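Hi there,

Here is the structure I promised to pass on to you. Please have a look at it first, and then read on for what turned up.

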Amino acid sequence: MRFRKETAGMRKVLRKSYNQQRQQLEITGYEIFVRCLAAEGVNVIFGYPGASIVGIHDVLYDIKTAKVKGMETEEDGMTSNKRRNNVMTPTKAYDNHQGKTMTGAEIFVRSLVEEGVDTLFGYPGGVVIGIYDVLHDLTHIKHILTRHEQGATHAAEGYSKATGRPGVVLVTSGPGATNAVTGIADAYMDSIPLVVFTGQVVTNLIGNDAFQEVDIVGITRPITKHNYLVKDINELANTIKAAFYIATTGRPGPVLVDLPKDVLAAKAVFEYPKTISLRSYNPVVEGNSKQIKKAAELLNEAKRPLLYVGGGVISSNASAEVRALADKLHAPVTTTLHGLGAYPEQSKLALGMLGMHGTWYSNMAVDQCDVLVAIGARFDDRVTGKVEAFAKNAKKIHIDIDPSAIGKNVPADVPIVGDVKRVVKQLLELVKPLDTKEWLKTIDGWKAEHPLRYKQDGSLRAQHVIHKLGEITDGDAIVVSDVGQSQMWTAQFFKWKHPRTQITSGGLGTMGFSLPAAMGAAFGRKDLPIICISGDGGFQMNIQEMATIKHNKLPLKIFIMNNGFLGMVRQWQELFWKKRYSNTRITSPDFVKLAESYGIRGMRVTSPAEVESTIKIALKYNEGPILVEFVVAPEENVYPMIPAGQTVNEIMDSPEPLEQNHATHKTMIHAKG
Amino acid sequence: MASSTINEHMKQHTISMTVENHFGTLNRIAGLFAAKGYNIDSLTVGPTEDDAVSRMTIVTRGDDQIIEQILKQLHKLIDTIKVVDLTDDTFVDRELALVKVQCTPITRMEIMQISEIFRTKVVDVSPKTLTIEATGSQLKVDAIINMLKPFGIKELARTGRIAIKREFQGEV
C-alpha cells in the first residue's frame, strides 16, 4: 500500500511528522499506524492482541520507539471489598400491588416480578440505591452480585442461553453502564434476549456532565435491539413491559432501559399491563406458504441436500423439527458454532461444525451439495469464507425470522421469513423421503479420509481433554467455552447431544465470556453438570467472578487449558506472520493456588494419563466449584482451517498422518454406524 | 458485502417512511446509515397529520442489493411504522431553496424576470440583494440556481427532498 493512499485522517497526522519521507515510503497501514503513534510521542501502549490487529503487533515486534506493555487484562476490576456480597434473603411476602401508589423503584421491582423474573444479575451504585433498598425486602427475585458489571451481562447471557428465558441485568449509571457494554454487544451479535437496566443521573442533570453520567442510550443504540430512556414515572411500567416484549420476540436481542434517579424516586399508581402491542413492531412468524411450497419442490428434486443449521434453531426451540426433517430427507446436517446441540452428533447424518475451523467433510459437503437449506443461520464470514465461492453448486433455501439476515451476505433462491419452528414443521409435511445413499457414501468417504485428529505423542493436548470429557459425560453436560483455540477445540471434539448445552461467544468473540456465562447458566440449570472451558488468556479477563462463584457455592467445573499463549493469535502469527510471536506469550498466576485463595478446590494435570481420572473426580465433586488447570502443549494449532476470506480449496487439514492416530469420537461413531 | 463506495452507476432512490415521533428516532436512522456505510443524499423529517408520527424522506443511492438491505434495516428499527421505496412508483417530490443573489439596479430586473420564468417568488429585497424562494423538483431547483450563479449567490439554503405517492393512477 502506498503511503499516499491512506485515509484523510491518517494523512493529516502523517503530514505533520513525515512530510519529507512521504513521497518515497511504501509501507503497510499497520506500520503507518505505529509510526504515527511514535511520531506523537507515544512510548507506552496498553493493549491486547487480536486477529484484526495482529499486523500491528507484528510491527511492534520490531519498532523499538514504542514499548508495548502486554497487559493481561484490559478491564478494570472495580471490585470493592467494602461491599458485602449478598444474595438477598427475602423476608416480605409478595402480593399483588396493582393499583397502589408506590415509588418508581418499587414499580420497577414489582414489574420484574410480574414478568416472572427470578434471577437478576447486577451491581449497586449511587443512582440505583433505591432499587436495592426494595430488593432487600422483596421475596421473589434473587439478586446475584457479580464482581464486575461485564460479569453481570455475560452471566445473564449464560442464564438465557441455558434456560431460554430472558437474562436480566441491573447496573448503576456511568462506569456501571459502560462496563456492561461488552456483554450487551455480545448479546446483540448472538441474538440473546437480555433486558439491561441502567441507572441514570436525575433528569435535570442529564447532559450536564454530572457525576457518573454517561449517555448510555446513545452509546448502546447500535448494539441493542432497542433502548429507552424513561423520563416520566407514568411510562415506567409500560416501558418495562415493552422491553421484555421486544427482547424476547422476533429475532431476540438485548434491550436497554435507562432509569434516572428522580424517576425511581417519584411516585405513581402501579399498573402493569397484561399485554402490549406496538404498531411499529410486528415480527413475522408465519412463513409464506407459497415460498414453503417452493422450498419443498426444490428439496424433492435434490440429489445432494444439506441442512445448515444455526443458533436460530435453538432459540426457536426447533431442534425436534429439524431432526425430523433431516431424518425424513436422509439429508446430512452441518451446524454453525451456535447450532451445536441442535442436532445430535451421534447421528450418522451429523457432520459437525462448518466454516473456518469446521470439519473437512462438512466444508466439502457445503461445496458439493445441490440444495442447501440454511435454517436460523446468517451466513457469517467465519462460516462462508469467500462468499462468492460458498456453496457455489447449490440452490439455497434460507429460513430466518429476521428479513434483513436473508440476502445480506449470500443471495437466497428461496427466502422464507418466519419462525424457524413453524416453517420447518410446515416444510416437513411437504417433503418426500429422498434417496441420498450415493451422497452419504461420498461423505462417509470424506469422513474416513479426513477425520478430526490431533497429535498423540505423549504430551498433553486440549483436544484430548475435550474428547475425553465428551466420552465421559456422553454429551450430558452444559459446556461453556471461551474464545479462541479452546473454543474451537470444544466445538470440534465435544460430543454435542442436546440443545441449550453449548454456550459460547460467537459473533463478538468476547474473551472472558466463559467464566461469568457458566456462572449464569449454573443459576438457571441444575439438571446437568456445567463445565467452563477457558484458555489461560480468556480466564484472566473475568477472573474476578471466581468470588461470585464461590460465594454462591455453584457446582461449576472450571477447566483451564493453559498453553502460555494467546493461542489463536499465536496460530495466526505462526501461519501468516513468520512465527513472530509479538505479544502473545503470556504469564499467569499459579491457578491452583489462585483457586485455593478463593476457597475453591484446585487441581493440575500435566500428562495425558491423568486426564480421565481427573475429569471423573471433577464431575463427582459436589461441594462447590472446582478448578482444573491442564498444562497443555504450548504451540498447537486448530485444524482444519480455511484462512479468512478464502475458499474450501484452501482448506488446511491437520498435518497428522491418518494411520498414526486413534480415531476421534466422530469417526468412531461413524464406524459404529 | 454491502460496499458503500459512491458509484455513479448506482441508482438514486427516494424512500418515504413513517416513524414514531420518539426521542432519538432521527439519531437511530442517521446512525444506521453511518454504521452500515450507506450513503445519504438528503434526509428530511417533519410532522404528519398524526402528532405521534413523523415522516422521513430519505434520498439514497446504491445497487439493488444495497437498497434492499437499507429497506430491511430501516424496517427492522423498532420505531419504524412503514417504509416505502417510491422510486419505481409515481410520486410527487419537491425541494425548497432560498437563494440570496447579489444585484445592482441594473441586474435587478433581469433576476426578477428569471424568477418569473421559473415561477419562483421574490421574498426579500435590499439595495444589494434579492432573495428568491424556489420550490420544485430537484432539477428545477438546480436549474434556477445555475441561472442565478452568474449574478453571484451570496447565500443559499436548500432543503432535502420531500415526496409523497400519487394516488390517482387510473385511465382518464
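To begin with the two chains: 15 residues of chain A are in contact with 17 residues of chain B. On the chain A side of this contact there are seven nonpolar, five polar and three charged residues. Please keep in mind that this is a predicted model.

Chain A

The domain assignment splits chain A into domain 1 (3–70), domain 2 (101–269), domain 3 (289–449) and domain 4 (462–639). Between domain 1 and domain 4 of chain A there is a contact with ten residues from each. On the domain 1 side, helix H3 (54–60) and strand E2 (67–70) of chain A each bring at least two residues, and H3(A) has the largest share with four residues. Sorted by class, that side of domain 1 of chain A holds six nonpolar, three polar and one charged residues.

Chain A also has an open sheet of six strands, paired in parallel, in the order E5-E4-E6-E7-E9-E8. Its edges are strand E5 (142–145) and strand E8 (226–229) of chain A, each of which pairs on one side only. On average, neighbouring strands in this sheet are turned by 20 degrees against each other, direction ignored. Within the sheet, strand E6 (residues 167–171) and strand E7 (residues 194–200) of chain A pair in the parallel sense over five bridges, and A:Val169 stands opposite A:Val196 in E7(A). Helix H6 (residues 149–163) of chain A packs on this sheet, where it touches strand E4 (119–122), E5, E6 and E7 of chain A. The direction of H6 makes about 165 degrees with that of E6(A).

Chain B

For chain B, the domain assignment gives domain 1 (11–85) and domain 2 (91–165), and the C-alpha centres of these two domains of chain B lie 28 Å apart. Seven residues of domain 1 of chain B and eight residues of domain 2 of chain B take part in the contact between them. On the domain 1 side, E1, E2 and E3 of chain B are the elements that give two or more residues, and the largest share, three residues, belongs to E2(B). That side of domain 1 of chain B has two nonpolar, five polar and no charged residues.

There is an open sheet in chain B as well, with four strands in the order E2-E3-E1-E4 and antiparallel pairing. Strand E2 (39–47) and strand E4 (80–85) of chain B each have a single partner strand, so one side of each is left without a neighbour in the sheet. The average turn between neighbouring strands here is 15 degrees, direction ignored. Strand E1 (residues 11–20) of chain B pairs with E4(B) over five bridges in the antiparallel sense, and B:Val19 stands opposite B:Thr80 in E4(B). Helix H2 (residues 64–76) of chain B packs on the sheet and touches E1, strand E3 (53–62) and E4 of chain B; the direction of H2 makes about 160 degrees with that of E4(B).

Finally, which residues of helix H4 (residues 138–148) of chain B are buried? They are B:Val141, B:Ile144 and B:Leu148. These three lie on the same side of H4(B), because they cover an arc of only 65 degrees around the axis. The buried residues of H4(B) pack against strand E5 (91–102), helix H3 (107–117), strand E7 (129–136) and strand E8 (153–158) of chain B. On the face turned away from that buried side, H4(B) carries the exposed residues B:Leu139 and B:Asn146.

Best wishes

Note on methods: Residues are numbered from 1 along each chain as its sequence is written. Chains are lettered from A and ligands numbered from 1 in the order in which they are written. This is a predicted model: local features need pLDDT of at least 70, side-chain atom pairs count only at pLDDT 80 or more; totals for chains, interfaces and linings use all residues. Ala, Val, Leu, Ile, Met, Phe, Trp, Tyr, Cys and Pro count as nonpolar, Asp, Glu, Lys and Arg as charged, and the others, Gly among them, as polar. A residue is buried if 20 or more other C-beta atoms lie within 10 Å of its own, exposed if 12 or fewer, and partly exposed in between; C-beta atoms are placed from the backbone. The arc is that of the directions from the helix axis to the C-beta atoms. Domain bounds come from an automatic or database domain assignment. Two strands pair if DSSP finds at least two bridges between them. Axes are lines fitted to C-alpha atoms, for helices over the stretch in contact, and angles run from 0 to 180 degrees between N-to-C directions.
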